[in-house]
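Biologist: I have a structure to show you. Let us take it one question at a time.

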Amino acid sequence: MDNGYGIKETAERLGVHPHSLGKWVKQYRDPILHAKEDSDHQEILRLKKELKRVTEERDILKKAAAYFAKHQS
């Protein structure tokens, strides 16, 4: 690192895992990478929300189809 200490030693002093500190240093040095990870995370959250909504809609339609199949004249 820039202060003369290595990632491992600095991580030990801070009480964090060296992998985490290394990732933070990399993100700090490359803000575009950090922005992309945030963007990807937001997209994953959006897709999970959409999947939940579509799954609920599908389940409602399945139940409605079963109900109407039983109650046909």
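Biologist: How many residues apart are Glu9 and Arg13 in helix H1?

Modeller: Keep in mind that this model is predicted. The side chains of Glu9 and Arg13 meet in a salt bridge, 3.5 Å from N to O. About one helical turn separates Glu9 and Arg13 in helix H1, because they are apart by 4 residues.

Biologist: Is Arg13 buried or exposed?

Modeller: The cut-off for exposed is over 50% relative accessible area. Arg13 has a relative accessible area of 57%, so Arg13 is exposed.

Biologist: The charged end of Arg13 sits over the ring of which residue?

Modeller: Arg13 has its salt bridge with Glu9. Its charged end is also placed over a ring, 4.3 Å from the ring centre. That ring belongs to Tyr5.

Biologist: The side chain of Thr10 has a polar atom 2.8 Å from which residue's backbone oxygen?

Modeller: Thr10 is in helix H1, residues 7-14. Thr10 is buried, because its relative accessible area is 10% and the cut-off is under 20%. The backbone oxygen 2.8 Å from its side chain is that of Gly6.

Biologist: How far apart are the end C-alpha atoms of helix H2?

Modeller: Helix H2 covers residues 18-29, which is 12 residues. At 1.5 Å a residue, the helix should span 16 Å. The model agrees, because the end C-alpha atoms are apart by 16 Å.

Biologist: Which residues are exposed on the other side of H2 from the buried ones?

Modeller: The buried residues of H2 are Leu21, Val25 and Gln27. They cover an arc of only 165° around the axis, so they lie on the same side of H2. On the other side, the exposed residues are His19 and Lys26.

Biologist: Which residues are linked with Glu43 in a network of salt bridges?

Modeller: Start with one pair in helix H3: Glu43 and Arg46 are 3 residues apart, about one turn. Their side chains meet in a salt bridge of 2.9 Å, N to O. At 36% relative accessibility, Glu43 is partly exposed, and Arg46 is partly exposed at 42%. The residues linked with Glu43 in the network are Arg46 and Glu50.

Biologist: Why is the pair of Tyr67 and Phe68 edge-to-face?

Modeller: The count of aromatic pairs is 1. The ring centres of Tyr67 and Phe68 are 5.3 Å apart. Planes over 60 degrees apart count as edge-to-face. The pair is edge-to-face because the planes of Tyr67 and Phe68 are at 80°.

Definitions and conventions: Residues numbered from 1 in each chain as written. Predicted model: local features only at pLDDT ≥ 70, side-chain atom pairs only at ≥ 80, totals over all residues. Heavy atoms only, no water. Helix = DSSP H or I, 4+ residues; strand = E, 2+ residues; numbered from the N terminus. Buried < 20%, exposed > 50% of the residue type's maximum accessible area, 1.4 Å probe, protein only. Polar contact = N/O pair within 3.5 Å; in protein donor to acceptor, adjacent residues only side chain to side chain. Phe/Tyr/Trp six-rings, centres within 6.5 Å; stacked < 30°, edge-to-face > 60°. Lys NZ or Arg CZ within 6 Å of the ring centre and 35° of its normal. Expected span 1.5 Å × (residues − 1). Arc of directions from axis to C-beta. Salt bridge = Lys/Arg side-chain N within 4 Å of Asp/Glu carboxyl O.
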